[in-house]
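Subject: Structure for you, with notes

Hi,

Here is the structure I promised to pass on. Have a look at it first, then read my notes underneath.

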Amino acid sequence: MSGKTVNSAILLLVIGNAMALISDVFIKLMEPGAPIFQFAFLRCVITLLLLLPLAGQLNRKHLFSGFKVHALRAHIHLAGILCMVIALANLPLATANAVFYAAPILVMVLSVIIFREKLTPLSVFAVFSGFGGIIVILRPVEFNWAAIAALAAAFALAINAVMVRQLPKEQSTVHKLLLNYVLIIPAAGALALWEGAAWDSSILLSALGSALFILGYNITVLLAYKQVDANQVTAAEYTGLIWAVGIGWIWFSEVPDLWFLAGSTMIVVPLILIGLQQHRRRSRAPARGFNPDTQRLTSMSS
């Protein structure tokens, strides 16, 4: 599974999205009332330690280039982790993940606002259908702090993805990730101290499992998109929602209802159609080889 062919890249993304869901399961299995600041701090520290062996990829000439943007992204990332923990702890696994899929839609909206990009009719449809799908899934009668946290996590993912454009091109993906976690740890540590919770060894296990599997997801994404154009395989990313439904059903006895199925369809199908449309356009254009600089929303937000 080198990711050098379309089929192997799709398989990598399917496996990777399953690993991302297992990371979510580690979060969801934490005891009610577990110290979330302590968890966020430990997960960030563990992730940084796992990334340190790759420190040789740092560009020392541009070690702290774009520091302000990196710092802002790091703290938005921290807020996203905290919101994600709250959402996963209080919402069904599939419901939380369906709301997280609002992130690509929000990226389109933010790109219009910030970069003055123009949306195609299909993209406009995806925006309205996606927001409608979120309303269908959450429904006003069930709108609570957990639902708000899920939406806030999606916003954090989207903002971080949009801000990738403002990062120095001289820095590799590993460089950006390492700098992100170096900058995130002081704030995460300060919040953990402010929380003042007693040390909980079970939190360490949850943080370790979550960090390992989300890093595994990041590796599969990097391999999948390294030599295959994103538009050829991006639809495989949405298998994450299938994994969420399956794991939630089997592990947590969370049976999806018709509202969830309808809302998820409204979110995911337009995004898949956009991917297919881009693929058709690329197939008509002259061959240009793979794009090694393709940035993925999810790999930058984990």
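For the ring count I took rings of Phe, Tyr and Trp (for Trp, its six-membered ring) as a pair if their centres lie within 6.5 Å. On that basis, the structure holds four aromatic pairs. Bear in mind that this is a predicted model, so treat everything below as computed from it.

Two of the pairs are worth a click. F64 and F67 sit 6.4 Å apart, centre to centre, with 65° between their planes, an edge-to-face arrangement. Both ends of that pair are partly open to solvent probing: F64 is partly exposed at a relative accessible area of 48%, and F67 is also partly exposed, at 41%. The other pair is W251 with F252: the ring centres are 6.1 Å apart and the planes are at 15°, so this one is stacked. W251 itself is exposed, with a relative accessible area of 53%.

Now the helix packing. F67 turns up again here, as one of the α3 residues that touch α8. The axes of α3 and helix α8 (residues 173-195) come within 8 Å and cross at roughly 60°. Angles of 65 to 115 degrees would count as roughly perpendicular and those under 35 as roughly parallel, so α3 and α8 are oblique to each other. Their crossing is right-handed. On the α3 side the contact uses F67, H70, A71, R73, A74, H75, H77, L78 and L82, and on the α8 side K176, L179, N180, Y181, L183, I184, A187, A188 and L191. By class, that contact divides into twelve nonpolar, four polar and two charged residues.

α3 (residues 67-90) also packs against helix α4 (residues 93-100), with axes that come within 7 Å and cross at roughly 145°. Here too α3 makes a right-handed crossing, this time with α4. M84, A87 and L88 of α3 meet L93, A96, N97 and F100 of α4. What is the make-up of the contact of α3 with α4 by class? Six of its residues are nonpolar, one is polar and none is charged.

Next, the stretch around α11 and α12. S253 lies in the loop between α11 (239-252) and α12 (258-284). Its phi is near 55°, which is a positive value in a residue other than glycine. Most residues other than glycine have a negative phi, hence the flag. S253 is exposed, at 62% relative accessible area.

L258 belongs to helix α12. Is L258 buried or exposed? With 71% relative accessibility, L258 counts as exposed. If you want a pair for a distance check, take L258 and V136: 122 residues separate them in sequence, while their C-alpha atoms are 9.7 Å apart in space.

Last one: S206, in helix α9 (residues 201-226). The cut-off for buried is under 20% relative accessible area, and S206 has 10%, so S206 is buried. Which residues does S206 contact, leaving aside its neighbours within four places in sequence? They are F26, M30 and F39.

That's the lot from me. Shout if anything is unclear.

Cheers

Terms used:
Residues numbered from 1 in each chain as written. Predicted model: local features only at pLDDT ≥ 70, side-chain atom pairs only at ≥ 80, totals over all residues. Heavy atoms only, no water. Helix = DSSP H or I, 4+ residues; strand = E, 2+ residues; numbered from the N terminus. Buried < 20%, exposed > 50% of the residue type's maximum accessible area, 1.4 Å probe, protein only. Axes fitted to C-alpha atoms, helices over the stretch in contact; angles between N-to-C directions. Left-handed = near helix turned anticlockwise from the far one by under 90°. Contact = heavy atoms within 4.5 Å. Nonpolar A, V, L, I, M, F, W, Y, C, P; charged D, E, K, R; others polar. Parallel < 35°, antiparallel > 145°, perpendicular 65-115°, else oblique. Phe/Tyr/Trp six-rings, centres within 6.5 Å; stacked < 30°, edge-to-face > 60°.
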